[in-house]
There are 2 protein chains.
Amino acid sequence: MNPLKQKIGIIGGGQLGKMMILEAKKMDFQITILDPTEHCPAHSIADEHIVADFDDRQALEQLAQKTDVLTYEFEHIGVDILKDLEAEGYSIYPTPKSLDIIQNKYNQKELLKKNALPVPEYIKVEEKKDIYTAVEQFGYPIMLKSCTGGYDGKGNSLIESESDIKDSFAELGAGKNLLMAEKFVPFTKEISVIVCRGREGESITYPIGENNHEESVLIETKVPADISTAVEETALEYGHQISDVFSAVGIFCIEMFITEDERVLINEIAPRPHNSGHYSIEGCITSQFENHIRAIAGLPLGNTDLVQAAVMRNILGTAPQGEAQVLGSEEVLSVDNVRLHVYGKKIARPGRKMGHLTATDKDLKRAAAKAKQAREAIEIVGEKQ
Amino acid sequence: MNPLKQKIGIIGGGQLGKMMILEAKKMDFQITILDPTEHCPAHSIADEHIVADFDDRQALEQLAQKTDVLTYEFEHIGVDILKDLEAEGYSIYPTPKSLDIIQNKYNQKELLKKNALPVPEYIKVEEKKDIYTAVEQFGYPIMLKSCTGGYDGKGNSLIESESDIKDSFAELGAGKNLLMAEKFVPFTKEISVIVCRGREGESITYPIGENNHEESVLIETKVPADISTAVEETALEYGHQISDVFSAVGIFCIEMFITEDERVLINEIAPRPHNSGHYSIEGCITSQFENHIRAIAGLPLGNTDLVQAAVMRNILGTAPQGEAQVLGSEEVLSVDNVRLHVYGKKIARPGRKMGHLTATDKDLKRAAAKAKQAREAIEIVGEKQ
């Protein structure tokens, strides 16, 4: 069978699904999405859209029946349903088994530790007294984390002194959810290693991106990262190892900390194309989205070389909440070398990821300056109701 | 009004329309296409598809009503309908006026000549005896051309000696169609200048591509072209001038001949993104398709710098005619640095443009070798019925 004739199903029709489709369509793949929002970003370019909740077993079954290979654009899916579908013979990548481990940050870290991959020290928190144990072992500050369901810093709470313990514990469900406490790593940089692993186990990595966050939300990724060759080699090697440990198929993003003494510690893993890899659309020969599609379809992976330095900036929604309005599109496009991505979410909310832009240039500093200038020219705001 | 909220209508849903949409969707434009073929290449990614013939006045009117700006992916449209729509107040780019002149190669050449832009010598042919006049003036060989409707060498007939005259004249309609006779230019290279002109008259050019044809159909474009700086500067200057002369809005492609004595002669103009500009998707900061959309939407034009050397090869259908089958997709994608475009035409016919591929590399020779290797690995063939 011609591999390009495989029908692809994507659970989720947000911006990641949309960007997967924009690449997949170049090769004429047919795509069905499942998303509860009728006018989600991927809607207008998908061949078919099953409007259903992500935990709707019947709808997921329907998606699997209509397609030859399933993938997903976010990790908070009922993995039991996916396991059942896989048992019925459907192809799902990344595999439900690897997703299952990744969904629980404690189990994720346990597997990494077991494989001698360096992570910040951590312990499981079942009751409040476990937090005190963590403090004894690690000292302040410590990071209290929900083991499941967190993203963009949600589900994390920093404990800087004893007086924070009660509130942090309450904030994260007071023991109702699985929690873990982690030694706070005073890192100097946070980087992303994007790795793509094929069905046959071959893996390739992308040029390392250096991330800047504001209030735990990614605002900028700069590539190449300003790191030593030793750190780069270590981080890329961890990327390959992790993709093997999790038997990844498709794109995995691994966020890592670099400490003052140049150690590389693994922070978190996302089993999908990631915001910090958006720069690859303009910056690399083959984008993370195209390689994700190639990997899950069993096709050879594409070259990931950086073509020019690239700086990506997120465009988060600004207040008030309401129907999304793009302000400043002419100004942003008048900045040289900038490409604009507007996701097409109908509602803008403060902090919601509404789009991003990428500036490319032979010189990283110029790219960063252009990205900053462009970012300041645009706003996606909700129209007052 | 937010310029990104403009709805765009495209007459034609072939590969050019498809590639326009893939770029337009990044910025969240809404697109309606008009094409008689239900499952045309652009169908699955358009917001709406009016299935109608290109000369269906009512359907074109409907397309204009549904959208804010109209464009087209091919030049053989009834320009009278477009003129009427423009008179009714609809925005159409490139303008029907410029399309009208371009549709007739004789008028096209007349306007170029009037503006001191160099073209091969030519005369109008109304009767067979005019061909003899051309022979007297230019000597053999001469190129007999239909003034309207030709593409990919169709509508052209080479007259090498007196014995060809009768057949050539008969082949092109024996005077039923408008004809012209052109002095045959013994060119050493054929190049393409892609120019984009905005609504305000600003124009930018792309790096010049060097074209290779087989049986009058483009098979390869190499960028940068192997030409002298003097030729390059002259050709680019002609590009800007031509876009002004025709009051272009959007992408125009100008095919030019370079003679042995380094003269640059203008061959033909296409008022739209062109096959010889496909390399810009991977090769340039902003592709011809994105800049076409930016131009017709009144947005600032994007940087056209070449990021890496790029070589595009067309994938023409091979016999037999039938339902299109892609053979060798794994092999083609295993060639480093190659990106594959499959248009999704349902029926493959020998010589039909079914897809293309582009190899990029720091080194042009390596890019050319990779494109050649990849092209040899893939075939799009009709399945026997």
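Two strands are taken to pair if DSSP finds at least two bridges between them. The views below show a predicted model.

**Figure 1. Strands β9, β11 and β12 of chain B are joined in the antiparallel sense.** Strand β9(B) covers residues 187-197, and strand β11(B) covers residues 209-214. These two strands run antiparallel and are joined by 3 bridges. E190(B) has N211(B), in β11(B), as its bridge partner. Strand β11(B) is also joined by 5 bridges to strand β12(B), residues 217-223, again in the antiparallel sense. Here N212(B) is matched with E220(B) of β12(B). The hairpin of β11(B) and β12(B) has 2 residues between the strands, and E215(B) takes a positive phi near 50 degrees.

**Figure 2. An open sheet in chain B has parallel pairing.** Strands of a sheet pair through backbone hydrogen bonds, either parallel or antiparallel. The 4 strands of this sheet follow the order β3-β2-β1-β4. Strands β3(B), residues 48-50, and β4(B), residues 69-72, each have a single partner strand and stand at the edges, so one side of each lacks a neighbour in the sheet. From one strand to the next, the twist averages 25 degrees. Inside the sheet, strand β1(B), residues 7-11, pairs with strand β2(B), residues 30-34, over 5 parallel bridges. In this pair, the bridge partner of I10(B) is I33(B) of β2(B).

**Figure 3. An open sheet in chain A has antiparallel pairing.** This sheet holds 4 strands in the order β5-β8-β6-β7. Which strands stand at its edges? They are β5(A), residues 122-125, and β7(A), residues 156-159; each has a single partner strand, so one side of each is left without a neighbour in the sheet. When direction is ignored, neighbouring strands are turned against each other by 25 degrees on average. Strand β6(A), residues 142-146, pairs with β7(A) over 4 antiparallel bridges. L144(A) has S157(A), in β7(A), as its bridge partner.

**Figure 4. Helices α6 and α7 of chain A pack on the antiparallel sheet.** Helix α6(A), residues 128-138, touches β5, β6, β7 and β8 (179-183) of chain A. The direction of helix α6(A) makes about 170 degrees with that of β5(A). Helix α7(A), residues 162-171, likewise touches β5, β6, β7 and β8 of chain A. The direction of helix α7(A) makes about 175 degrees with that of β7(A).

**Figure 5. Chain B and chain A meet at an interface.** The contact takes 43 residues from chain A and 43 residues from chain B. The size of an interface is often given as the accessible area lost when the parts come together. Between them, chain B and chain A bury about 3800 Å², with 52% of this area on carbon and sulfur atoms.

**Figure 6. Salt bridges and polar contacts cross the interface of chain B and chain A.** There are 4 salt bridges across the interface. One salt bridge is formed by R339(B) with E290(A), whose closest N and O atoms are 2.6 Å apart. A further count finds 20 residue pairs in polar contact, both residues being at pLDDT 80 or more. On the side of chain B that touches chain A, the elements giving two or more residues are α1 (15-24), α10 (288-296), β16 (322-327), α11 (329-333) and β17 (338-342). Which element gives the most to this side? That element is β17(B), with 5 residues. By class, this side of chain B has 19 nonpolar, 12 polar and 12 charged residues.

Conventions: Residues numbered from 1 in each chain as written. Chains lettered and ligands numbered in written order. Predicted model: local features only at pLDDT ≥ 70, side-chain atom pairs only at ≥ 80, totals over all residues. Heavy atoms only, no water. Contact = heavy atoms within 4.5 Å. Buried area = accessible area lost by both parts, 1.4 Å probe. Salt bridge = Lys/Arg side-chain N within 4 Å of Asp/Glu carboxyl O. Polar contact = N/O pair within 3.5 Å; in protein donor to acceptor, adjacent residues only side chain to side chain. Nonpolar A, V, L, I, M, F, W, Y, C, P; charged D, E, K, R; others polar. Axes fitted to C-alpha atoms, helices over the stretch in contact; angles between N-to-C directions.
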